[in-house]
Amino acid sequence: MLSDKRPSELELVGKSPERSDDVEKLTGSATYVSDMSLPGMLHAQLKKSPHARARIVRIDTAKARAMPGVRAIVTGDELDYRLGLYVVDKRILARGEVRHYGEAVAAVAADTLMQAKAAADAIEVEYEVLKPILHHMDALKPDAPLVHPELGSYAYMAAAFTPQPGTNVANLTKLRKGDTELGFAASEWIVEREYSCPSVQHVPMETHVAIAKWERGDRVTVWTSAQSPFTVRNLMCIAFKLPHNNVRVHIPYVGGGFGGKAGIGVEPLVAVLSRAAGGKPVKFQATREEEFSLLPCRSALTYRLKTGVSTEGKILAQEMTLYWDSGAYADYAVNVTRASGYSASGPYEIPNAKVDSYTIYTNKPYGTAYRGFGHVEFHWALERHMELVAQAIGMDPVEFRRKNALRPGSKTLTGEVITEHTGNVLKCIDKAAEAIGYGRITPAEAEREKKTGWKIGKGVAALQKAPAMPSYTATAVFLKMNEDGTVTVNLALTDYGQGTYTSIRQIVAERLGFPLDKVKVSFECDTDKDPYDWQTVASKGLLMSGNAAILAAEDLLKNAYDTAARALRAQECDLAHDGEKVYLKHHPSKAVRFSAMAVGLALENGNGIGGPIVGVGRYIAQGLTFLDKETGEGNPALDWTYGAHGMTVEVNPDTGEYRVLKIASVYDVGKAINPEIVRGQAIGGMMQGLGTATCEGYIYDKDGRLLNPSFTDNKIPTAKDLPLEIETYVVETPQVDGPYGARGMAEHSMISVAAALGNAIQKASGAEIMHMPIRFEDVWRALNARESIDNWITKSPTGHCRSAPVQKN
């Protein structure tokens, strides 16, 4: 789909016009589901479990049903439905047993929010408290109780996932490449380490909110703050066994998602309440505390790495074992496991590799998609590991990365061959290092160290990610020409703040050859009116919907040229156009205006020709395959986006306090359709990455109660936490099947930020951090517990050097 236009010939692509939604959002005129109120609308509230694991003995709703304004109450016993995108394991309301703190056991719909809350509080629930499983490594023990004893009976997507009935493993992804035993035998150095990170919350500005109206004939209309309208419709239809044309999903403006709204959330709940209330519309909006405990989060991870390295510093073998805490339900966590499995080595070539990636049930809020889709977590481990391996073998960490980086001719873990157009991680690493002055302290920095007593360090971390999606993922875009010759774009890709609609508008206008103000992208998604899109996830939207938009623009022009050729009595090959008309190339004065043809052209004698001018573009992922379940071989990647961060920090060697002085982020985006949107994504994702790196994370007590379900104790960064200096750069290695050479980067800006911070802190202070978030006290503890490298690296009897976290071999 790469255009044959030279970059200098592009009129709109590569420029930075204002975002399409700026005025609406800045003036408050954009309508979100949070703003909506329908005639006769009821409000929903929930009764939630105070226990992480308990058997439900009795639910008494009698008192609540008698309270003023109450129109409907439902419990899990009344709802024989299961939900699940990949493994169908979740109830709308807990039934028989609660599996995590904050799980809903009953729901109320009442005339007012306060009436609903009072009634929910009045519901009496008797529990038999059971011992919860609160750590995913404990869930793997032979005597661990099963979170889902009936796992073997659940429906699941068999082509991609492998649940392990009789265990707490919801999925196991395996990859095998080469022979790791031979690789380790040939290695001069073997380094083994374990890294970890906790669950964190997405914290979108607009919490989960939905309105549903269940009308006669089982016709259901939903308004929801979600990322994927057709996924919401599909999963609701499967759960309720409804025809797809019975369910209509509207998505207006969305106040952020970051993956937490990618699947299905509270929509089935408000639907069953509406049905119980006789068809009245019902609205539920989660509080911030419910966002933390009722709704999904990012999965925690324990990552064990064993790496064998040659005397020249080439990685010869690597074993990667990822233990993902999916919480109480599988949701997207099983696909995170799969995607992290085939990407587990990062942007490096490993000739002999073994990967085992587990999705593990526990009694905690369930894991789902989160910006980066697991790559934030495992790149934290991988890029810290690259730093420590380089330290162990006495090689500069950036040079170690360069020596092992993927390049044309390299093979990924799944056997895909990297080509010239795949992207260039070496350029990203080099630019990030250059931007921070890696490897040296400037005179100004030396003076700062002398003045403050703090030590300055510089670190680099690389990254990669491909869209995690089915091999047959597809999308469509519709264009329709209005009576004045302007064009409206309809698509179901959801713009929830990332700016995609502005880029799609630029792509359409570029291909049509129209001024930008003649093209509009319709913001509200509607499954009854918009064409299909799989989901708005995975950084696949710009590439796939961009391609579909180009095809739709070409189809619209074809239809316009067909009408114009008949009107001008010419062949289409002799026609050209500008933003107003189609004309004869050799007689430009002979022309027909788009506005005259838009809804059908009337000839001089009154005859009509043509008809409404529309364009349809369909695009489906090309060349992708399922992965072999034993070896992991196959082609899962639509494209790869590479990048790197360079970071400069200063650390107080006495207290462990640190400050980020500078961060430079570099991404190979293929082609920056809108450079300012790329910059916005780069800075926003970097700050989100700093949040998970420095302060975010769920904390539980011994009974599984979440202790920090709000911003009081679960902090996120603010504008005050911005680094002193931020630089963003793009590398443009064109993607041959991308729109004008572009590939996505919305998730990538968050990946490896934490690792760059950890690497820079280590350079400044010597503190070795293997767990994030990295709080000041963590640095202080690491400084005070610091061991000599000789304590964890020794010569083996064979002459090889081996490293382990704390022991000698």
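Helices in this tour are DSSP runs of H or I with at least four residues, numbered from the N terminus, and the model you have open is a predicted one.

**Stop 1: the second largest pocket**

Begin by selecting helix 5, residues 229-240, which supplies 7 residues, the largest share of the lining of the second largest pocket. The volume of this second largest pocket is about 440 Å³. To centre the view, pick L85, M157, N234, L235 and I238, which are the closest to the pocket's centre among the 24 residues that line it. If you colour that lining by residue class, you should find 16 nonpolar, 6 polar and 2 charged residues.

**Stop 2: the largest cavity**

Next, turn to the enclosed spaces, of which a search of the whole structure finds 6 with 30 Å³ or more. The largest cavity holds about 320 Å³ of space, and of its 27 lining residues K90, R91, I92, G265 and Y366 are the closest to its centre. Coloured in the same way, the lining of this largest cavity divides into 18 nonpolar, 4 polar and 5 charged residues.

**Stop 3: salt bridges**

The count for the structure comes to 45 salt bridges, and a few of them are worth showing as sticks.

Select E768 and R193, whose side chains meet in a salt bridge with an N to O distance of 3.5 Å. This pair links distant parts of the chain, 575 residues apart, since E768 sits in the loop between helix 17 (753-765) and helix 18 (776-784) while R193 belongs to strand 8 (residues 189-197). The two partners can also be compared by their cover: E768 has a relative accessible area of 22% and is therefore partly exposed, whereas R193, at 5%, is buried.

Move on to K364 and D325, where the salt bridge has an N to O distance of 2.6 Å. K364 lies in the loop between strand 15 (353-361) and helix 9 (375-393) and D325 lies in strand 14 (residues 315-327), so this pair ties together parts that are 39 residues apart in sequence. Relative accessibility is 8% for K364, which counts as buried, and 2% for D325, which also counts as buried.

Then select R743 and D668, whose closest N and O atoms are 2.9 Å apart in a salt bridge. Because R743 is in the loop between strand 29 (725-731) and helix 17, and D668 is in strand 28 (residues 658-668), the pair ties together parts that are 75 residues apart in sequence. R743 counts as buried at 1% relative accessibility, and D668 is buried with a relative accessible area of 0%. From here, select D701, K702, D703 and R705, which are joined into one network by salt bridges that share partners.

**Stop 4: backbone details**

Return to the loop between helix 17 and helix 18, where P773 is found; the peptide bond leading from M772 to P773 is cis, with omega near 10°.

Two residues with positive phi come next. F258 has phi near 55°, a positive value in a residue other than glycine, and F258 lies in the loop between strand 11 (247-251) and helix 6 (267-276). With a relative accessible area of 28%, F258 is partly exposed. A538 is not a glycine either, yet its phi is positive at about 75°; look for A538 in the loop between strand 20 (525-526) and helix 14 (541-568). A538 has 9% relative accessibility and so counts as buried, the limit for that term being under 20%.

**Stop 5: pairs for the distance tool**

Go back to strand 8 and select E192, which at 31% relative accessibility counts as partly exposed. The C-alpha atoms of E192 and L305 are separated by 5.6 Å, although these residues are 113 residues apart along the chain.

For a second pair, select G513 in the loop between helix 13 (500-512) and strand 19 (519-521). Between the C-alpha atoms of G513 and E554, which are 41 residues apart along the chain, the separation is 11 Å. G513 is partly exposed, with a relative accessible area of 43%.

**Stop 6: a nonpolar surface patch**

Finish on the surface with Y472, I620 and F626, which make a nonpolar patch of about 320 Å². Of these, F626 is located in the loop between strand 26 (614-620) and strand 27 (641-651), and F626 is partly exposed at a relative accessible area of 48%.

Terms used. Residues numbered from 1 in each chain as written. Predicted model: local features only at pLDDT ≥ 70, side-chain atom pairs only at ≥ 80, totals over all residues. Heavy atoms only, no water. Patch = residues over 30% accessible without salt bridge, like charges linked within 9 Å, V, L, I, M, F, W, Y side chains within 5 Å. Areas by Shrake-Rupley, 256 points an atom, 1.4 Å probe, with all protein chains shown as cover. Salt bridge = Lys/Arg side-chain N within 4 Å of Asp/Glu carboxyl O. Buried < 20%, exposed > 50% of the residue type's maximum accessible area, 1.4 Å probe, protein only. 1 Å grid on protein atoms, 1.4 Å probe; cavity = no way out; pocket = protein on both sides within 12 Å on 5 of 7 lines; lining within 4 Å. Points joined across faces, edges and corners; volume = space filled by probe spheres on them. Nonpolar A, V, L, I, M, F, W, Y, C, P; charged D, E, K, R; others polar.
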